[in-house]
Protein chains: 2
Amino acid sequence: MSDQPHPKRNRPPSMHDVARLAGVSQTTVSFVVNNVTSVAISQETRDRVWAAIHALGWRPNAMARSLRTRHSQTLGLISDEVVTSPYAVRMILGAQEAAWANRQMLLVVNTSGRSDIEQTALQFMLERRVEGLIYATMYHHEVTPPADLKLVSTVLVNCFVADRSLPAIIPDEVQGGYTATEALIRRGHRRIAFINEIIPMPALFGRLEGYRRALADYGLPVDPTLVRSCHSNVRDAFTVTRELLEYTERPTAIFCFNDKMAMGAYDAIKRMGLRIPQDVAVVGFDNLELIAAQLYPPLTTVALPHYEMGRRAVELLQSLPAGESLPPIQHYIPCPLIERASI
Amino acid sequence: MSDQPHPKRNRPPSMHDVARLAGVSQTTVSFVVNNVTSVAISQETRDRVWAAIHALGWRPNAMARSLRTRHSQTLGLISDEVVTSPYAVRMILGAQEAAWANRQMLLVVNTSGRSDIEQTALQFMLERRVEGLIYATMYHHEVTPPADLKLVSTVLVNCFVADRSLPAIIPDEVQGGYTATEALIRRGHRRIAFINEIIPMPALFGRLEGYRRALADYGLPVDPTLVRSCHSNVRDAFTVTRELLEYTERPTAIFCFNDKMAMGAYDAIKRMGLRIPQDVAVVGFDNLELIAAQLYPPLTTVALPHYEMGRRAVELLQSLPAGESLPPIQHYIPCPLIERASI
DNA sequence: GTGAAAGCGCTAACAG
DNA sequence: CTGTTAGCGCTTTCAC
């Protein structure tokens with residue numbers, strides 16, 4: 001007996017099983033399921049097919065479908081420490097939601113900065129025939145990704161390659177620095193200090209450049225004694241802030257390279273009996289909710305557009321006609337000012 | 001002319017292409033690639049095959065392989081807000097690394113708490129024939145996941161169903177509360193306040209229970225005036241702490257339901273001119289790096305074992321012989337004390 | 001030692 | 001309006 005009504009083994013039902021139950025060919029089931037408009041199927045048949053589908057609890061096998069259509073409907077995301085970092089996870093969310101809107105799935109691998117994992121992860125993704133790849137880093141810097149990356153459409157997020165030969169989505173540090181400084185200037189501040197990071201990185205140069213341009217645009221001089229730098233932690237920022245506030249002509253506002261440093265600045269300002277923002281205004285960078293929103297008064301800061309970068313990366317990948325490759329454009333995403341109460 | 005040496009279209013090379021180049025059958029290529037030991041292949045042939053593979057840049061097609069073997073090598077992870085939250089992302093890392101160790105990939109979908117997305121996400125994963133599913137939530141609470149969840153081996157993380165019919169990995173809140181309190185007791189404290197969350201949730205009850213048990217075990221009375229509750233934010237904790245410190249016989253230590261509240265407690269203690277930990281010791285809960293490590297003095301706190309929970313969930317799934325289902329055990333993962341300088 | 005052949009579950013010409 | 005047929009790229013049984 002080979003024509004039993006039940007599926008042979010303990011496997012999920014296939015289109016064939018549905019077809020048999022509905023008394024039609026497997027092809028017809030496929031047409032019904034995919035709502036193929038080029039062929040006309042009677043409503044009566046459609047109903048029978050759907051009834052059989054529900055009776056059997058059939059659901060398409062994505063692997064079989066992908067094998068046939070050569071579309072995996074999958075995007076890959078390889079990151080260094082992103083998953084570990086409260087800073088940057090929203091990038092994954094942005095990417096995932098954009099993928100989702102296109103019925104694509106996201107394959108996520110965090111390499112923890114290990115290049116052997118990175119290499120293997122890429123191979124795995126290529127084997128799964130991802131239709132696009134995002135290569136992301138936790139903080140904005142230069143990278144040298146594995147060569148095989150060229151085998152699939154890739155967009156870099158929060159990083160770039162030396163020769164700019166790969167499209168990249170990066171935060172507009174200059175605009176961010178400009179925006180922060182300008183906000184302070186507009187509140188009437190003339191002596192604005194900038195406590196910068198000390199380890200060379202794009203953010204350091206970009207934000208400084210933005211600070212300078214803003215001052216210049218508003219006809220204010222750059223006082224070199226107001227531009228300081230230190231490691232971006234609370235203690236060091238505390239120390240530098242105290243020094244700044246001891247100047248005979250002390251700054252009335254401080255732009256901090258990031259929120260952690262702003263936290264140190266807060267401590268120093270309060271410790272000296274000064275008030276924020278009446279005596280000294282503070283603006284940070286990063287918009288770490290946990291810090292910025294919890295500080296008292298809540299910190300006005302500039303946000304890194306992680307969600308937006310993730311989203312844009314996926315949309316870029318999706319915009320690409322099959323077989324073509326993305327132009328190596330460097331996309332600068334604006335960093336918005338998040339206004340709270342510290343300026 | 002049909003037997004050209006080059007692949008027909010612009011598709012990636014297949015085993016067939018490799019076979020043709022190596023002058024062997026496609027079957028042989030498969031044997032070589034998979035290192036099948038049951039058949040003997042001459043070294044000379046193996047070499048020819050590998051040479052062809054490298055020449056063509058062939059790499060297996062995971063979808064074709066999965067279709068044939070009925071093993072997708074894929075695990076799914078559906079979460080509510082986890083990806084958004086700095087609290088819980090390490091759970092994804094734990095899951096991903098465990099999957100990775102088994103050459104499996106993780107499919108991640110964040111539902112943002114929307115049940116329509118949740119439902120669709122589950123369907124997508126079932127279509128992709130995931131071999132196990134993790135259903136995770138950002139904070140520890142009861143859930144009612146979609147019914148189709150029963151169609152695949154599932155483990156809940158940081159949540160549970162009312163009838164406990166699904167295996168779950170959850171933090172041991174009681175032990176966490178106990179550990180925090182015990183640490184304080186061991187430092188000699190006798191009047192230990194507990195500022196609890198006010199919105200009913202397992203964490204609230206568990207940590208309180210742990211607090212009580214620790215006091216009891218060490219022969220200390222529970223002074224009801226020392227157990228307070230408020231919403232878990234900085235402001236409210238600030239207020240409650242100030243009230244506690246105004247008691248004629250004030251507590252010498254405060255166990256805060258979480259790190260945010262500890263932040264408020266710090267403010268109040270400092271504002272009253274008291275020192276941490278000499279005058280008042282503080283212990284938090286959650287181990288939010290951004291807060292706990294940045295506070296001055298650094299905060300001693302209890303960590304939620306997110307990474308561990310993610311890892312355990314995947315290992316549970318992997319331990320399951322095909323076709324069997326996981327026993328609905330509720331696994332309690334210990335919450336370790338992270339010692340810094342506030343006690 | 002190696003290869004032919006069947007088939008995993010599906011799509012899509014093409015034929016009727 | 002519906003079915004036949006030919007694969008997608010791979011694993012695996014069986015035969016030579």
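These are my notebook entries on a predicted model with two protein chains and a DNA strand.

**Entry 1: DNA strand C**

I began with the protein around DNA strand C. I found 30 residues around the strand. A:Met15, A:Gln26, A:Arg68, B:Thr45 and B:Arg68 come nearest. I then asked which part of the strand faces them. Sugar and phosphate make up 58% of the DNA strand C atoms that come within 4 Å of the protein.

Next I looked up individual polar pairs. A polar backbone atom of A:Met15 sits 2.4 Å from a phosphate oxygen of DNA strand C. A:Arg65 uses its side chain instead: a polar atom there is 3.0 Å from a phosphate oxygen of the strand. B:Arg68 goes to a base. An N or O atom in the B:Arg68 side chain is 2.9 Å from a base nitrogen of DNA strand C.

I also checked which elements supply this surface. In chain A, α2 (26-33) and α4 (62-69) each give two or more residues to the surface near DNA strand C. In chain B, α2 (26-33) and α4 (62-69) do so too. By residue class, I noted 11 nonpolar, 12 polar and seven charged residues on this surface.

**Entry 2: chain A against chain B**

I turned to the interface of the two protein chains. Here 57 residues of chain A are in contact with 56 residues of chain B. The size of an interface is often given as the accessible area lost when the parts come together. I looked up that value. About 5500 Å² is buried between chain A and chain B, and carbon and sulfur atoms give 65% of this area. On the chain A side, A:Arg59, A:Met63 and A:Leu290 lose the most area to chain B. Together they account for 14% of what that side buries.

How many salt bridges are there between chain A and chain B? The count is zero. Polar contacts are another matter: I noted 18 residue pairs across the interface of chain A and chain B, both residues at pLDDT 80 or more.

Several elements of chain A each supply at least two residues to the side that touches chain B, including α4, α5 (89-101), β2 (105-110) and α6 (115-127). Also among them are α9 (234-245), α10 (259-271) and α11 (289-292). The largest share, eight residues, comes from α6(A). I split this side of chain A by class: 31 nonpolar, 12 polar and 14 charged residues.

**Entry 3: A:Arg311**

I picked A:Arg311, in helix α12 (residues 306-318) of chain A. Its relative accessibility is 24%, so A:Arg311 counts as partly exposed. The A:Arg311 side chain makes a polar contact with the side chain of A:Glu315, at 2.5 Å. Leaving aside neighbours within four places in sequence, A:Arg311 is in contact with A:Gly94, A:Ala95 and A:Ala98. I checked one of these pairs further. A:Arg311 and A:Ala98 are 213 residues apart in sequence, but their C-alpha atoms are 5.5 Å apart.

**Entry 4: B:Ser342**

Is B:Ser342 buried or exposed? B:Ser342 has a relative accessible area of 0%, so it is buried. I located B:Ser342 in the segment after β12 (337-338) of chain B.

I then looked for polar partners of its side chain. The B:Ser342 side chain reaches the backbone oxygen of B:Val282 at 2.5 Å. A polar atom of that side chain also lies 2.8 Å from the backbone nitrogen of B:Thr300.

Not counting residues up to four places away in sequence, B:Ser342 touches B:Tyr266, B:Ile276, B:Pro277, B:Ala281 and B:Val282, among others. The list also includes B:Pro297, B:Pro298, B:Leu299 and B:Thr300.

Conventions:
Residues are numbered from 1 along each chain as its sequence is written. Chains are lettered from A and ligands numbered from 1 in the order in which they are written. This is a predicted model: local features need pLDDT of at least 70, side-chain atom pairs count only at pLDDT 80 or more; totals for chains, interfaces and linings use all residues. Side-chain values use heavy atoms; hydrogens and water are left out. A residue is near a molecule or strand if one of its heavy atoms lies within 4 Å of it. A polar contact is a pair of N or O atoms within 3.5 Å; within protein, one must be able to donate a hydrogen and the other to accept it, and residues adjacent in sequence count only if both atoms are side-chain atoms. Helices (H or I, at least four residues) and strands (E, at least two) are DSSP runs, numbered from the N terminus. Ala, Val, Leu, Ile, Met, Phe, Trp, Tyr, Cys and Pro count as nonpolar, Asp, Glu, Lys and Arg as charged, and the others, Gly among them, as polar. Buried means under 20% relative accessible area, exposed over 50%, partly exposed in between (1.4 Å probe, protein chains only). Contact means heavy atoms within 4.5 Å. Buried area is the accessible area (1.4 Å probe) that two parts lose on being put together, summed over both. A salt bridge is a side-chain nitrogen of Lys or Arg within 4 Å of a carboxyl oxygen of Asp or Glu.
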